[in-house]
Amino acid sequence: MKIIDAESTRRALPFDRLIPAMRDMFVAGCEVPLRHAHALQPDANAPPQTVLIMPAWQQDRYLGIKTVTIFPHNATLGLPGLFSTYVLYDARTGEPLAQIDGNEITSRRTAAASALAASYLAPPDARSLLVIGCGRVGSLLPEAYRAVRPIDRVKVWDHDLSAAAALAERLRAQDIDADVAQDLATAASDAEIVSCATLATQPVVHGAWLRAGGHLDLIGSFTPQMREGDDACFRDAQLFVDTQEALMKSGDLLGPMSRNVFAAEDVAGTLADLTSGKAKAQSTGTGRTVFKAVGTALEDLAAAILVFES
């Protein structure tokens, strides 16, 4: 069994290769059971901790299993809030083929999924991007979006100002016009694309801020307790999800649905629908599109295969 480290995994997953590989996997499809989620509660006063187990396979090809630990309080320890490992098997024999750095797979496939959705939903000539949340995934979003749209102006925001400043500096070193958003509402109203990648449990982006005809990308809310956008983000907008599982997992969707802001049948399509041509963006009241992702093991499998075959 090969052991593929973070650097080798990163080199194998440039967005100009990863995004098409994920598009092909959504078109071809694979078996994706519902993820297993287990809450770890050391004591009543401890922050919530979660373990996820995410399998996926294509018969007679590859089987992959990702294990993820989510410990939001790690920020106070100077550590990422999420760690993951990935094991790839031969689906015909069950033989382990590789253990691959799951953090790189998770962060890069998450950013790639947002860019893949934006390639169908965001304005074709969009040049301005606001990134809310400057962690492992947020820091990759400008590079991912620039693979599908002519982005040349980036604003970044994080509750930790030093993280936002560091990301802006790294982007400027790549000759990208990047700066820290001094006022989040103003930055959101100016941006053609707003992408939110946080572990927030209360809205950090408000629909009243968003411009007509723009695109909103919500990445972070993958449990019922998490939420990044308020109800107004979804009103008079066309909503897409990565998979139908998002409607069962995300507080961004469960909350507004419970308040009759929209119904499950109002969702315009999934990434599989977009990539197959079964769904596409249509004109709405605001002209705004919203993409809500909770992640899927299909994306992990596509990335892991790309790494292994590289």
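Let's start with helix α5, where Ala164, Leu167, Ala168 and Leu171 are buried. Looking down the axis of α5, you would find its buried residues within an arc of 100°, so they line one face of the helix. There is a general reason behind patterns like this: an α-helix has 3.6 residues a turn, so residues three or four places apart point the same way.

Before I go on, please keep in mind that this is a predicted model.

So what covers the buried residues of α5? The cover includes α4 (141-146), β8 (153-157) and β9 (177-180). Now turn to the face of α5 that points away from its buried side: there you meet the exposed residues Glu169 and Ala173.

We can also check the length of this helix. α5 has 13 residues, 161-173, and at 1.5 Å a residue they should span 18 Å. The C-alpha atoms at the two ends are 18 Å apart, which agrees. After α5 comes Asp175, with a positive phi, near 65°.

Next, the cysteines. How many disulfides are there? The count comes to zero. Take Cys233 as an example: its nearest cysteine sulfur belongs to Cys196 and is 8.6 Å away, and Cys233 is in no disulfide. A pair would need its sulfur atoms within 2.5 Å to be counted. As a reminder, a disulfide is a covalent bond between the sulfur atoms of two cysteines. Is Cys233 buried or exposed? Cys233 has a relative accessible area of 0%, so it is buried.

Cys196 comes up again at our next stop, Gly220. You will find Gly220 in the loop between β11 (215-218) and β12 (237-241). Although Gly220 sits in a loop, it is buried, with a relative accessible area of 6%. Which residues does Gly220 contact, leaving aside its neighbours within four places in sequence? They are Cys196, Ala197, Thr198, Met226, Glu228 and Lys292. Here is a nice example of folding to look for on the screen: Gly220 and Val294 are 74 residues apart in sequence, yet their C-alpha atoms are 7.2 Å apart in space.

My last stop is Thr275, in helix α9, residues 271-276. Thr275 counts as buried, because its relative accessibility is 12% and the cut-off for buried is under 20%. A polar atom of the Thr275 side chain lies 3.2 Å from the backbone oxygen of Ala272. Not counting residues up to four places away in sequence, Thr275 touches Arg23, Phe26, Val27, Leu116 and Tyr120.

Thanks for listening, and do try finding these residues yourselves!

Terms used: Residues are numbered from 1 along each chain as its sequence is written. This is a predicted model: local features need pLDDT of at least 70, side-chain atom pairs count only at pLDDT 80 or more; totals for chains, interfaces and linings use all residues. Side-chain values use heavy atoms; hydrogens and water are left out. Helices (H or I, at least four residues) and strands (E, at least two) are DSSP runs, numbered from the N terminus. The expected span of a helix is 1.5 Å times one less than its number of residues. Buried means under 20% relative accessible area, exposed over 50%, partly exposed in between (1.4 Å probe, protein chains only). The arc is that of the directions from the helix axis to the C-beta atoms. Contact means heavy atoms within 4.5 Å. A polar contact is a pair of N or O atoms within 3.5 Å; within protein, one must be able to donate a hydrogen and the other to accept it, and residues adjacent in sequence count only if both atoms are side-chain atoms.
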